[in-house]
Amino acid sequence: MAASAPKSLSPEQEQELDEVFARAQAALAIIETYDQARVDRLIRAVAWAVANRSAFHRLVGMGIDESGLGDFDSRMNKRMKIRGVLRDALRSPSVGIIEEDVEKGLVKYGKPVGVIGCVVPTTNPDLTPAGNAIYAIKARDVVVFSPHPRSKDTTLETVRLMREALEAEGAPADILQCITLPSLAASQEIMRRADLVIATGGQGLVRAAYSSGTPAYGVGAGNATEFVDETADLAETARNCMLSKTSDFGSGCSADGNVLVPATRYRDMLDALQAEGGYLATAEERAALQGVMWDDEGHRLPDTVAVSPQVLAAAAGFDIPADSRFIVVEGDGIDEDRQFCKEKLTTLMAVHAYEGGFEDGVELAKRLYDIGGKGHSCGIASTDDAHIDYFARHMPVSRIMVRQPNSKANAGSFTNGMPMTSSMGCGTWGGNITSENVSLRHYLNTTWVARTIAEDRPSDEDLFGDFYDAELETSVMPPVAAR
């Protein structure tokens, strides 16, 4: 293995990877023998090790101190997501028979995929490893984590706590491992050596995962947008937008970046957002914000990612009240050269008015997603079921939340049925292999066993309908003469 490793790997990194993967294979040989009760007990143990308030409080503090990103209070709430992942995992079988369809004579058996390489984002150095570990252990896989260099100590500590929990249960700690010398080259080599890659992070990382030669689940770019129609409760909608935008200082790809609202309700929507703590920037302040959020070529600048609105405003050269929770800018158009219709990843959202009727607004929303975030997610604030149906039929996204805070709902919540996850596929729209929330079934191989059933062969009349012509089944057409 080491001989073909990327040239930019140091000898120490090559040695670490050789040792890590050797231990991973040894641990895999053991966990593959575990029954359902054993893995269910183990996932409870590792989940509690990091999701108890004391441990997660410490991990969140470490992660923010180490990376300089995020909001302590809202990040603390993410430990509820670990509970949600555990809930979903416990409710699904993963060992032996996992599904049976008597009518079709089919029985499905769950099998491990093997060694999973998980690349951890700097914005979730604790939550992502915990969620990956629960699903992987449930599927009887082993995991090699590649932490982000900017938050590696937090990820290492998260994995250490889970390893201790495994050991306390008499299971190999090496079911979960984390490299200590992370780099882009090390992540690429983990991807190459693993049996499956789960990549949560930026588009460069996801492209690297898909080009690694290993089966991979990745995520597309986000640009979550809340679409408002004439039936929406604006106060409720503004609160949902605030909750979505302010969660962990807008670091997630599901945090609302845009609000599309009928022109007739535009000013009322701005008022409602301000009532929820939004600071409405002037045109001059908007121009200053653009200068500190994007460079001249439209690349997102890292220093203003996932910062408080006060820090963001100060970077742009102005002050906002201490009780402001996020910044609102008025949209200046939806086009490739208009930065404020793109992904923000911070405590700022843009509000755009649409002229005409509901269908005209949907066309504008589709144009926005052509510019950025296609395939990821959006929300709709509507009480009109026909509007919701129309929106779902036309929007090129993998998930739509109805009257919910996007960043708190689309990766699963206790008040909707979405699978709990920290990795969301965006389908072919976003360059991904799946449009689903990456959850337990994506960590499993499945063996299908088929028994014979009564013949299930419809007649040609039923199959072909109006196109069936019995005469063509009984007569033979002469061959076409060669030209």
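**Entry 1: largest cavity**

I looked up the lining of the largest cavity and listed K81, V85, L127, G131, N132, Y135, I198, T421, S422, S423, V438 and Y443. I note that the model is predicted. Helix 5 and helix 6 (127–138) are the elements that give two or more residues to this lining. I then checked which element has the largest share, and helix 6 does, with 4 residues. For the volume of the largest cavity I recorded about 70 Å³. By class, I sorted its lining into 6 nonpolar, 5 polar and 1 charged residues.

**Entry 2: second largest cavity**

I searched the whole structure for cavities of 30 Å³ or more and obtained 2. The second largest cavity holds about 40 Å³ of space. Around the second largest cavity I found N223, A224, K245, G250, G252, C253, A255, D256, G257, E343, K344 and L345. I divided this lining by class into 4 nonpolar, 4 polar and 4 charged residues.

**Entry 3: second largest pocket**

I turned next to the second largest pocket, for which I noted a volume of about 370 Å³. It is lined by 19 residues, of which S92, S439, L440, R441 and L444 are the closest to its centre. I asked which elements each supply at least two residues of this lining. They are helix 5 (79–90), strand 1 (96–101) and strand 15 (444–450). By class, I counted 8 nonpolar, 5 polar and 6 charged residues in the lining of this pocket.

**Entry 4: cross-check**

I compared the two lists of elements and noted that helix 5 appears for the largest cavity and also for the second largest pocket.

Note on methods:
Residues are numbered from 1 along each chain as its sequence is written. This is a predicted model: local features need pLDDT of at least 70, side-chain atom pairs count only at pLDDT 80 or more; totals for chains, interfaces and linings use all residues. Side-chain values use heavy atoms; hydrogens and water are left out. On a 1 Å grid over the protein atoms alone, a cavity is a set of points where a 1.4 Å probe fits but cannot get out, and a pocket is an open set with protein on both sides within 12 Å along at least five of seven lines; lining residues have an atom within 4 Å of a point. Grid points are joined across faces, edges and corners, and a volume is the space filled by probe spheres set on the points. Ala, Val, Leu, Ile, Met, Phe, Trp, Tyr, Cys and Pro count as nonpolar, Asp, Glu, Lys and Arg as charged, and the others, Gly among them, as polar.
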